[in-house]
Every structure is written in C-alpha cells, then in structure tokens.
Amino acid sequence: MIVLLCMAAYLGGSILFALPVCKIWGLPDPRAQGSGNPGATNVYRTGGWRPALITLALDAAKGWLPVWLAYNAGLSALVQAMVALFAVTGHMIPVFYRFKGGKGVATALGAGLALAPVTTASMAALWLLVIWRWRISALASVIAIVSGPLISALIEPETLPMFGLLAILVVVRHRNNLIRLAQGRETSL
C-alpha cells in the first residue's frame with residue numbers, strides 16, 4: 001500500500017495544472033511566458049487572479065489528497081511525510097513533461113495542510129505577510145518554507161523531517177530566484 005500511495009502521489013504530482021488551466025482560459029503556455037514556471041504565480045502574471053487561484057487550488061489538492069489517503073489508511077506520520085515528498089517531487093520533476101516542472105510550493109502547501117495544518121497555516125500566514133510587504137513571490141515562498149522546520153519543531157515535531165526536506169527541495173528549486181533577489185532583479189507581483 002505504501003509503494004502504491006507513493007507512486008500515485010508522484011504521478012498525481014506530475015500533472016502540471018497550470019497547463020490545462022491556461023489552455024481553458026485561452027492563456028499562453030506558462031512555460032513560455034513570464035518566469036517560465038508552470039505555477040500559480042506565473043499564471044497570475046499572465047492571466048490574473050482567477051486562473052491563478054484555480055491553479056493554486058488544483059496544485060495544492062494534488063499534494064493534499066495522497067497525504068489525506070495515507071492518514072485515513074492509518075499510516076504513520078513518517079509514511080505520510082514520504083507520500084507528501086513524492087507528490088512535491090512529482091510537481092518538480094514530472095514524468096509527463098520531460099522532468100521539467102515547477103517549484104512545488106502549492107503542492108507542498110496542500111501536503112502540509114493534510115499532514116500538519118497548524119504548521120502549514122502558520123507558514124501560509126508568513127507567506128501572506130511577506131507578499132503584502134514586498135510583493136515578491138519567490139521571497140515569500142523561500143521565507144515561508146525555511147520557517148517550516150522551525151515552526152514544526154515547536155508545534156508539530158513529528159513532521160519536522162518532512163518540513164526539513166521540503167525546505168531543501170523548494171530552496172534548491174528557487175536558486176535562480178535567490179540569485180536575482182541578491183542582484184535586485186527579482187520580479188514582483
């Protein structure tokens with residue numbers, strides 16, 4: 001069951017919902033526009049908040065659902081964290097798109113809400129605060145994800161390994177954004 005859930009989480013994570021959402025809304029392929037990232041922020045830049053919100057919800061759902069299934073199957077927090085990591089990895093390295101995917105923030109949000117809702121809600125509040133103040137999505141994402149291990153250690157310590165690994169994965173995917181931030185060239189919303 002664990003292997004099947006991990007495989008299903010990876011395959012579900014490999015569906016880049018930004019692509020069908022943009023197609024339905026008559027928007028250009030997000031991989032060829034803006035930052036080139038198939039995620040909600042880039043969809044927002046090219047099409048506005050409605051398709052971005054749909055993309056965010058669908059990308060979060062593909063992280064939430066497999067973790068919720070693992071939880072309801074009575075599997076341990078460690079297994080749930082493994083399933084979450086497979087879903088996020090699917091979004092980042094999708095088998096259906098030649099292993100070129102997104103940054104995994106929305107998928108991590110969904111997985112986190114299923115596994116550690118208090119920690120994840122705290123991280124989301126921090127993301128909103130940074131967006132409100134600086135309007136730079138990459139900065140908000142990196143600050144929120146790096147805060148995850150610290151928050152989980154205090155509130156939901158059994159999820160610390162997952163948040164630690166998620167932080168590493170998401171920060172690595174944001175390496176180009178971090179370089180642009182350091183150079184003062186990162187795009188704001």
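In this predicted model, the buried residues of helix 8 are covered by several other helices, including helix 3 (40–47), helix 6 (105–115), helix 7 (117–134), helix 9 (160–173) and helix 10 (175–183). The residues beneath this cover are Ser137, Ala138, Ala140, Ser141, Val142, Ala144, Ile145, Ser147, Gly148, Pro149, Ile151 and Ser152.

The length of helix 8 can be checked with simple arithmetic. The helix comprises 19 residues (137–155), and at 1.5 Å a residue these should span 27 Å. The C-alpha atoms at its two ends lie 25 Å apart, which agrees with that expectation. The helix also carries a kink of about 35° at Gly148, shortly before the proline Pro149. Both Gly148 and Pro149 are among the buried residues of helix 8, and both are touched by Phe163. Beyond its sequence neighbours up to four places away, Phe163 also touches Ser152, along with Gly112, Ala116, Thr119, Thr120 and Met123.

Phe163 turns up again in the interior of the model. The largest nonpolar core has 27 residues, and those touching the most other members are Val67, Val83, Ile145, Met162, Phe163 and Leu166. Two or more residues of this core come from each of helix 1 (2–13), helix 4 (49–72), helix 5 (77–92), helix 6, helix 8 and helix 9. Helix 5 is the greatest contributor, giving eight residues. A second core, separate from this one, is made up of five residues, among them Ala18, Cys22, Leu27 and Ala52.

Helix 5 also holds Gly90. Gly90 counts as buried because its relative accessibility is 0%, and the cut-off for a buried residue is under 20%. Setting aside neighbours within four places in sequence, the contacts of Gly90 are Tyr10, Gly13 and Ser14. Gly90 and Leu166 are 76 residues apart along the chain, and their C-alpha atoms are separated by 13 Å.

A word on the cysteines rounds off the picture. Cys22, one of the members of the second core, has a relative accessible area of 1% and is therefore buried. Cys6 has a relative accessible area of 5%, so Cys6 is buried as well. The structure holds zero disulfides; a pair of cysteine sulfur atoms would have to lie within 2.5 Å to count as one.

Note on methods: Residues are numbered from 1 along each chain as its sequence is written. This is a predicted model: local features need pLDDT of at least 70, side-chain atom pairs count only at pLDDT 80 or more; totals for chains, interfaces and linings use all residues. Side-chain values use heavy atoms; hydrogens and water are left out. Buried means under 20% relative accessible area, exposed over 50%, partly exposed in between (1.4 Å probe, protein chains only). Helices (H or I, at least four residues) and strands (E, at least two) are DSSP runs, numbered from the N terminus. The expected span of a helix is 1.5 Å times one less than its number of residues. The bend at a residue is the angle between axes fitted to the seven residues ending there and the seven starting there. Contact means heavy atoms within 4.5 Å. A nonpolar core is a set of buried Ala, Val, Leu, Ile, Met, Phe, Trp, Tyr and Cys residues joined through side-chain atoms within 4.5 Å.
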